[in-house]
Structure formats: structure tokens, C-alpha cells
Amino acid sequence: MTKLPTDAEMAKLFHLGVTDAEIAKQYDVTVQAVNKRFVKMDLRRKPIALRVNELVKSIWDVKTSRTGPSHHNAYVLKNLKVYMRTQLGDTASEAQRREADWLIGRLIRDDVVIDYNAETEQGWAYVPRKPQDGRRIIRWPEGKELPAADLQRAMELPETDDPAHEAHDGRGA
């Protein structure tokens, strides 16, 4: 069994957002061994749902209101969060996975990304994909710093061997 790397290398992997499962596979150890090492180093990962919610808050100031229009419970946002959570290894119900898959299917089929504008009534919109969107499923706001690598991957279209989807990886038309 290969041993885990130094604390410095482990900390680097942790802060790059490499998952415990990815580290375990790379070093041929159990996920529990990786987790135990991080705990010993006093590095703890936040629950996936909390990380996704914090990411959304860092990207957009989503409109919430008890009396007027509110965008925080929108179908698009709920399914976006479910998709990102499952990409990060979280579980979701069969119904949640189906809805998130439908959302991703629409993004691929219509060659669009999700964008948000608090000033509009609906807030959430499907907008045409641009080259700068790359494989992302959302329109990343200009001037916002990108998150950890694992969160960036969670915002990408799923990998596919289907040549029909090549245009959606940011390299095609």
C-alpha cells in the first residue's frame, strides 16, 4: 500500500479541492485514511450542500423576499444546486437526479448556460453559450474569482464520449 504524501502536499491537495476519494485512489489508500489524515492536520471539509450554497452566494446576490418576487426557490436554482452537489459526490433522490439531468439536457440541447439577473421578474434565464463559458453550466460573472478546482468541475457539463456534444466543450462552434 502506497503511503500518503507529506502534510504540505496533503494540504495543497485539500486546498485545491481534490476530493478524499480522488486522493485515496491516487495513493492507493482508503478514503478513511485520507480523512483521518486531514482530521489529524485539523483540515475539515464542509458538508457538500453548504459548500454549494456558499458558492452560489459568492456568485450572485439572489433575491429573497417574503412579500414580493423571490428567486431563491426557483426551479432552475434548485436543480443547479442538486447537479453541483451530485458532481461533488453528494446523494440526491431519484426525483432530484431526474430534474437535474433534465436541466443539463436542456443546457446541452439548446447550447445555453444559466445566468442570473436580480432586476428581472424571473431572475434566472437560459442565455446562449459563449466561448468564454467553456464547459461551465453557468455564465460566470466578470470580476468574480473562480472557486476551488472541485467546485469549478462541479459547474461543468458532464464528460461525454458523444461526438454530438463536442461543440459544447468550449472548443466548438
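In this predicted model, I138 is in contact with I59, W60, L80, V113, I114, D133 and M155, once its neighbours within four places in sequence are left aside. I138 also belongs to the largest nonpolar core, which has 31 residues, and is one of those that touch the most other members of this core. The chain as a whole has 173 residues, of which 38% count as buried, and it contains seven helices and two strands.

**Overall layout**

- Read from the N terminus on, the elements of the chain follow the order α-α-α-α-α-α-β-β-α.
- Among the contacts in the chain with a separation of 6 or more, 55% are accounted for by residues 24 or more positions apart.

**The nonpolar cores**

- The residues that touch the most other members of the largest nonpolar core are W60, L80, M84, I114, W124, I137 and I138, and three of these names, W60, L80 and I114, also appear among the contacts of I138.
- At least two residues of this core are supplied by each of helix 4 (48-59), helix 5 (75-87), helix 6 (94-110), strand 1 (112-116) and helix 7 (149-154).
- Helix 5 gives the most to this core, with a contribution of six residues.
- Apart from this core there is a second, separate one of 14 residues, which includes L4, A11, F14 and F38.

**Helix 2 against helix 3**

- The axes of helix 2 (residues 20-27) and helix 3 (residues 31-40) come within 8 Å and cross at roughly 115°, which makes helix 2 roughly perpendicular to helix 3.
- The crossing of these two helices, helix 2 and helix 3, is right-handed.
- On the side of helix 2 the contact is made by D20, A21, I23 and A24, while on the side of helix 3 it is made by V31, V34, N35 and F38.
- When the residues of this contact between helix 2 and helix 3 are divided by character, six are nonpolar, one is polar and one is charged.

**Helix 1 against helix 3**

- The axes of helix 1 (residues 7-16) and helix 3 come within 11 Å and cross at roughly 105°, and the two helices are therefore roughly perpendicular to each other.
- Helix 1 makes this contact through D7, M10 and F14, and helix 3 makes it through V34, R37 and F38.
- The residues of the contact of helix 1 with helix 3 divide into four nonpolar, no polar and two charged.
- F14 and F38, which take part in this contact, are also included in the second core.

Key
Residues are numbered from 1 along each chain as its sequence is written. This is a predicted model: local features need pLDDT of at least 70, side-chain atom pairs count only at pLDDT 80 or more; totals for chains, interfaces and linings use all residues. Side-chain values use heavy atoms; hydrogens and water are left out. Axes are lines fitted to C-alpha atoms, for helices over the stretch in contact, and angles run from 0 to 180 degrees between N-to-C directions. Helices (H or I, at least four residues) and strands (E, at least two) are DSSP runs, numbered from the N terminus. Angles under 35 degrees count as roughly parallel, over 145 as roughly antiparallel, 65 to 115 as roughly perpendicular and the rest as oblique. A crossing is left-handed if the near helix is turned anticlockwise from the far one by less than a right angle, and right-handed if clockwise. Contact means heavy atoms within 4.5 Å. Ala, Val, Leu, Ile, Met, Phe, Trp, Tyr, Cys and Pro count as nonpolar, Asp, Glu, Lys and Arg as charged, and the others, Gly among them, as polar. A nonpolar core is a set of buried Ala, Val, Leu, Ile, Met, Phe, Trp, Tyr and Cys residues joined through side-chain atoms within 4.5 Å. Buried means under 20% relative accessible area, exposed over 50%, partly exposed in between (1.4 Å probe, protein chains only).
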